[in-house]
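Me: I have just opened this one and would like a walk through it. Could you take me through it piece by piece?

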Amino acid sequence: FLGAGGGNDIQWCFSQVKGAVDDDVAEADIISTVEFNHSGELLATGDKGGRVVIFQQEQENKTQSHSRGEYNVYSTFQSHEPEFDYLKSLEIEEKINKIRWLPQKNAAQFLLSTNDKTIKLWKISERDKRPEGYNLKEEDGRYRDPTTVTTLRVPVFRPMDLMVEASPRRIFANAHTYHINSISINSDYETYLSADDLRINLWHLEITDRSFNIVDIKPANMEELTEVITAAEFHPNSCSTFVYSSSKGTIRLCDMRASALCDRHSKLFEEPEDPSNRSFFSEIISSISDVKFSHSGRYMMTRDYLSVKIWDLNMENRPVETYQVHEYLRSKLCSLYENDCIFDKFECCWNGSDRQVEFLSLCTPDLSNIVMTGSYNNFFRMFDRNTKRDVTLEASRENNKPRTVLKPRKVCASGKRKKDEISVDSLDFNKKILHTAWHPKENIIAVATTNNLYIFQDKMN
Amino acid sequence: QDTQKDKAIPPERAEEAKLKAKYPNLGQKPGGSDFLMKRLQKGQKYFDSGDYNMAKAKMKNKQLPSAGPDKNLVTGDHIPTPQDLPQRKSSLVTSKLAG
């Protein structure tokens, strides 16, 4: 099983790729979020066109013992539509910024999806039986002439082809003046937070007409604005604790028990800056684009433009580990600024964890020990905290032979380029991997390129 | 004789110098409010129906002013016409991921 510390490096193999092959990508098809549900059986994607596609893992095939189930389309629906706020003269994009699954409580599945302004709770349910044998209706729905009914029968449920239905159960609207960047479900499974550039709101999943503002960093005078909220997440175990990151590279931890409005942080995580290294770009590249707690909640991981940092919640003054994602870009910042790539928001994720093992182990090693994040040229990176080894892999249709181990890639920063290496100047900055997800229990990962979804698995045997 | 390497300029500073050479008027405040305000205003479109109708009335015989080079900044002198605004249509097509 995975994550139990060092030992064998995972050997990743191509499993599947979803999406169109054509180079001409329609804006609507750009994938904007990827998320496994709590069991890993379902994998959801959201796109710029406001659509959600959910894939379901097939039950393991007894005859094919060497491969885990494939993911096939389970449900797809239009979650959000474009809107125009006439009062503010504001165009509201339908792009799905985030999807978060609720833990499963009954036969149906629930997820929260959000665009810039509105969060929706969707119920996804299966229907595999339908009632037949009505007295007053024919099977096709036409009404029978009552005078022809001579006997009564009891309708019965008969099997039908599986139908998966998605219906919006709650719409949480009108609570955000600015653009929502994060949603996070609390460990109490009753409340969740939504964060925009300047405010964080707390909701109850059952209540749509009220929301509590818990963080407000809007200055009285907007001219004094110096930083915005970039991401927020609830602690995995402590239901009164959450963190939010900023465009200045800081993370604030807040405790809702301290006060109703958590403008005063309980902890402030910030790495001191080396003043001799400060440049025009320093603040921009320090902006945190994603924050994720480890499974135990003892650590959290942040992603800024060039690196991933691991923080120990007990230590505020610096991260405990820093991993360079693509340091060779530091000498390209000028052109990355000109083509806007410097503002790209990369996400990061931890490996999955077998929760059973977590409970059983006495000394609770943190089972979050592998970090995954994306880069350019359809490359993505993994860092093993235990072995300190890292690898660069590529999501490309050229590597699509199932069960063939992916070949590590290497970028040549300067000097003589070795065979099989790619030089920095040859990198395709339009091919960005911003969104990746790791199955909660198995070594299966989902990697989104611009408009394709790749699924990789570790080589079993 | 080089007994030690030349003190290299940190790559970030070198990139900053490149940028300043290209855009000498770039704001002094590093990464500050300008970016943030731009970020907060994403999606903002300015349209005054009063201005639009008055301009239309005045220019009955003339051509309406067409969109300037920067279509995103629709304010001030430029009055957008319905032709300028992009079509807002929801995606009625199923995602290609589901194909």
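**Arginine 252 and onwards**

Reply: Let us begin with one side chain: that of A:Arg252 makes a polar contact with the side chain of A:Glu227, at 3.4 Å. Please keep in mind that this is a predicted model, and that the values I give are computed from it.

Me: What other side chain does A:Arg252 make a polar contact with?

Reply: The side chain of A:Thr250 is also a partner of the A:Arg252 side chain, with a polar contact of 3.0 Å.

Me: And where does A:Arg252 sit, and is it buried or exposed?

Reply: A:Arg252 belongs to strand β18 of chain A, which covers residues 251–255. It counts as buried, because its relative accessible area is 15% and the cut-off for buried is under 20%.

Me: Which residues further off in sequence is A:Arg252 in contact with?

Reply: If its neighbours within four places in sequence are set aside, A:Arg252 is in contact with A:Glu227, A:Phe242, A:Val243, A:Tyr244, A:Ser246, A:His265, A:Lys267 and A:Leu268. A:Glu227 thus appears in that list and is also a polar partner through its side chain.

Me: Let me step back. How many helices and strands are there in chain A?

Reply: Chain A has three helices and 32 strands.

Me: What is the radius of gyration of chain A, and what would a compact globule have?

Reply: Chain A has a radius of gyration of 24 Å, and a compact globule with 461 residues would have one near 23 Å, so the two agree. Taken along the principal axes, the C-alpha atoms fill a box of roughly 95 × 60 × 55 Å.

Me: How much of chain A is buried, and how much area does it expose?

Reply: Buried residues make up 52% of the 461 residues, while the chain exposes about 21,900 Å², of which carbon and sulfur atoms supply 48%. As for contacts along the chain, among those with a separation of 6 or more, 56% are between residues 24 or more positions apart.

Me: Now the strands. Why is β22 of chain A called largely enclosed?

Reply: Strand β22 of chain A, residues 307–312, is largely enclosed by the rest of the structure because six of its six residues are buried. Both faces are covered, with A:Ser307, A:Lys309 and A:Trp311 buried on one side and A:Val308, A:Ile310 and A:Asp312 buried on the other.

Me: Which strands pair with β22(A)?

Reply: Strand β21 of chain A, residues 299–303, runs antiparallel to β22(A) and is joined to it by five bridges, and a hairpin of three residues connects the two. Within that pairing, A:Arg303 has A:Val308 as its bridge partner. Strand β23 of chain A, residues 321–324, also pairs with β22(A) in the antiparallel sense, over four bridges, and there A:Ser307 stands opposite A:Gln324.

Me: What holds paired strands together in general?

Reply: Strands of a sheet pair through backbone hydrogen bonds, either parallel or antiparallel.

Me: What is the order of the open sheet that contains β1, and which strands are at its edges?

Reply: That open sheet has four strands in the order β1-β32-β31-β30 of chain A, with antiparallel pairing. Its edge strands are β1 (12–18) and β30 (435–438), each of which pairs on one side only, and the twist from one strand to the next averages 20 degrees. β1(A) runs antiparallel to β32(A), residues 453–458, and six bridges join them, with A:Val17 opposite A:Tyr454.

Me: And the sheet with β24, what is its order?

Reply: Its order is β24-β25-β26-β27 of chain A, an open sheet of four strands with antiparallel pairing. The edge strands here are β24 (348–350) and β27 (390–394), each pairing on one side only, and neighbouring strands are turned by 20 degrees against each other on average, direction ignored. Three bridges link β24(A) with β25(A), residues 370–374, in the antiparallel sense, and A:Cys348 has A:Thr373 as its bridge partner in β25(A).

Me: One last residue: where is A:Ser182, and is it buried or exposed?

Reply: A:Ser182 lies in strand β12 of chain A, residues 182–185, and it is buried, with a relative accessible area of 5%. Its side chain makes a polar contact of 2.8 Å with the side chain of A:Asn181. Beyond its neighbours within four places in sequence, A:Ser182 is in contact with residues including A:Lys98, A:Leu193 and A:Thr230.

Definitions and conventions:
Residues are numbered from 1 along each chain as its sequence is written. Chains are lettered from A and ligands numbered from 1 in the order in which they are written. This is a predicted model: local features need pLDDT of at least 70, side-chain atom pairs count only at pLDDT 80 or more; totals for chains, interfaces and linings use all residues. Side-chain values use heavy atoms; hydrogens and water are left out. Two strands pair if DSSP finds at least two bridges between them. Axes are lines fitted to C-alpha atoms, for helices over the stretch in contact, and angles run from 0 to 180 degrees between N-to-C directions. Buried means under 20% relative accessible area, exposed over 50%, partly exposed in between (1.4 Å probe, protein chains only). A polar contact is a pair of N or O atoms within 3.5 Å; within protein, one must be able to donate a hydrogen and the other to accept it, and residues adjacent in sequence count only if both atoms are side-chain atoms. Contact means heavy atoms within 4.5 Å. The radius of gyration is taken over C-alpha atoms; the globule rule is 2.2 Å times the number of residues to the power 0.38. Accessible areas come from the Shrake-Rupley method with a 1.4 Å probe; for residues, only the protein chains shown count as cover.
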